[in-house]
2 protein chains.
Amino acid sequence: MNYPNKINKEYHKTINYANRGMDLEAIINEANEYYLEKDIALIYKKPTPIGVVKVNYDNNKQTIEKAYFATQSTLDYNGLYKGKYIEFDAKNTESRTSFPLSNVHAHQIKHIRNVIRHGGIVFLIIRINGLIYLLNGPDFISYIDENTRKSIPYEYIKQNGYELEYNYNKGLDYLKYVNVIGGFINEKN
Amino acid sequence: MNYPNKINKEYHKTINYANRGMDLEAIINEANEYYLEKDIALIYKKPTPIGVVKVNYDNNKQTIEKAYFATQSTLDYNGLYKGKYIEFDAKNTESRTSFPLSNVHAHQIKHIRNVIRHGGIVFLIIRINGLIYLLNGPDFISYIDENTRKSIPYEYIKQNGYELEYNYNKGLDYLKYVNVIGGFINEKN
């Protein structure tokens, strides 16, 4: 799959302080439920993997009595939109100046490269400075390949990402920019 | 997405009794690891969803102390192959004459319809009578829509499915028939 050339983008200067305390995962889950309900896209959060240590089988019922949370080797969300495979992860950072790459595990970076190579749409949704951006997988990988810094400067995200509007009533419509990075439409609508 | 017309198929008469005790999930996981290693496809089993009841946060370490296994509302495996979204589930049946539809939850059936409508490749891998078949999603749905029985006769699976060869050394190559149902090749190779 060929990604379209980056289109010109205008940036909103607003900083939505109200979003500070929001739960990014809950907002994305809500968007996915909306897409599902409206039959726009099928996108699900993968369950958190756990390592089960001890199971009790009493009364023909399995109860997990000891387990730990494990790390996803892929990204948290994937699904199907307009016949295309899409996958992404949601990342919060408290830093105001850059997105620390320690937020993305090495096996996840490898997986992002794999998805790009196999023709899927892959991206990160990054919350930084109270704003939410969609950063396309190839732009994320380009930064890593062309820089030695351990974090992506906020300026790079602003320049190369797409700011997603969010408000409590309308929710978050991240597919608006998946249409752009996926080549479904070739300019910002 | 249009699925290709059903091709003529010959059936192997062999019944591989050696496969009886095999773990279908382990076989599929092994196939997926092979595809990943050879960079053929990116297909993962989704983690089993759990409902966490109690977590212990002692020593800054989260340990799950009570949880239960929940049901996946989608299918267990999904991923990306040749630029296409693919999703499937693996089902065992002890019955020799039919595949009981109670093996597939109502929300999974709805999900299969959704994936078809959104242009994904979706199927079941069914082990019955010691043999393994790939049954394409549209053929599975057709049976449900055109019949009132609560199980799919073995004959229907033999006629409409694709028998997958399996042996311990070569493993299971289910993508061979995904090439057929996905329209990547238009006849049995």
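Let's start where the two chains meet: in strand β3 of chain B, the bridge partner of Ala67(A) is Ile64(B). The mirror-image pairing of names is there too, with Ile64(A) standing opposite Ala67(B) in β3(B). Keep in mind as you look that this is a predicted model. These residues belong to β3(A) and β3(B), each covering residues 63-69, and the two strands pair in the antiparallel sense over 2 bridges.

Now widen the view a little. The two β3 strands sit inside an open sheet of 4 strands, ordered β2(A)-β3(A)-β3(B)-β2(B), with antiparallel pairing. At the edges stand β2 of chain A and β2 of chain B, residues 50-56 in each, and each has a single partner strand, so one side of each is left without a neighbour in the sheet. From one strand to the next, the twist of this sheet averages 30 degrees.

Within chain A, β2(A) and β3(A) run antiparallel and are joined by 6 bridges. One pair to look for is Val55(A), whose bridge partner in β3(A) is Ile64(A). Recall that Ile64(A) also stands opposite Ala67(B) across the chain boundary. The strands β2(A) and β3(A) form a hairpin with 6 residues between them, and in the turn Asn59(A) has a positive phi of about 55 degrees. Over in chain B, 6 bridges likewise join β2(B) to β3(B), again running antiparallel. There, Val52(B) stands opposite Ala67(B) in β3(B).

How is chain A related to chain B? A turn of 180 degrees, with a shift of 0.0 Å along the axis, lays chain A on chain B with an RMSD of 0.1 Å. That is the relation of a two-fold axis. The contact between the chains fits this picture: 100% of the interface residues of chain A are also interface residues in chain B, so the copies meet through the same surface.

What makes up that surface? In total, 27 residues of chain A are in contact with 27 residues of chain B. On the side of chain A that touches chain B, at least two residues each come from β1, β3, β4 (77-81), β5 and α2 (106-117) of chain A. The strand β3(A) gives the most to this side, with 7 residues. Sorted by class, the side of chain A that touches chain B has 13 nonpolar, 10 polar and 4 charged residues.

Several of those contributors lead us to another sheet, this one in chain A. It is an open sheet of 6 strands with mixed pairing, and its order is β1-β4-β5-β7-β8-β10. The edge strands are β1 (42-45) and β10 (162-164) of chain A, each pairing on one side only. Here the twist averages 25 degrees from one strand to the next.

Within this sheet, follow β5 (residues 84-92) to β7 (residues 121-128) in chain A: these strands run parallel and are joined by 7 bridges. Ala90(A) is a handy landmark, as its bridge partner in β7(A) is Ile125(A). Helix α3 (residues 137-146) of chain A packs on the sheet, touching β7 and β8 (131-136) of chain A, and the direction of α3(A) makes about 80 degrees with that of β8(A).

Helix α3(A) also has a helical neighbour. The axes of α2(A) and α3(A) come within 10 Å and cross at roughly 125 degrees. That makes α2(A) oblique to α3(A). The crossing in which α2(A) passes α3(A) is left-handed. On the α2(A) side, the contact is made by Ile109(A), Ile112(A), Arg113(A), Val115(A) and Ile116(A), and on the α3(A) side by Gly137(A), Pro138(A), Phe140(A), Ile141(A) and Ile144(A). By class, this contact of α2(A) with α3(A) has 8 nonpolar, 1 polar and 1 charged residues.

Turn to chain B for the corresponding helices. The axes of α2(B) (residues 106-117) and α3(B) (residues 137-146) come within 10 Å and cross at roughly 125 degrees. That makes α2(B) oblique to α3(B), and α2(B) passes α3(B) in a left-handed crossing. Among the residues that meet here are Ile112(B) and Ile116(B) in α2(B), and Phe140(B) and Ile144(B) in α3(B).

Methods: Residues are numbered from 1 along each chain as its sequence is written. Chains are lettered from A and ligands numbered from 1 in the order in which they are written. This is a predicted model: local features need pLDDT of at least 70, side-chain atom pairs count only at pLDDT 80 or more; totals for chains, interfaces and linings use all residues. Copies are superposed by least squares on the C-alpha atoms of residues with pLDDT of at least 70 in both. Two residues are in contact if their C-beta atoms, placed from the backbone, lie within 7 Å. Two strands pair if DSSP finds at least two bridges between them. Axes are lines fitted to C-alpha atoms, for helices over the stretch in contact, and angles run from 0 to 180 degrees between N-to-C directions. Ala, Val, Leu, Ile, Met, Phe, Trp, Tyr, Cys and Pro count as nonpolar, Asp, Glu, Lys and Arg as charged, and the others, Gly among them, as polar. Angles under 35 degrees count as roughly parallel, over 145 as roughly antiparallel, 65 to 115 as roughly perpendicular and the rest as oblique. A crossing is left-handed if the near helix is turned anticlockwise from the far one by less than a right angle, and right-handed if clockwise.
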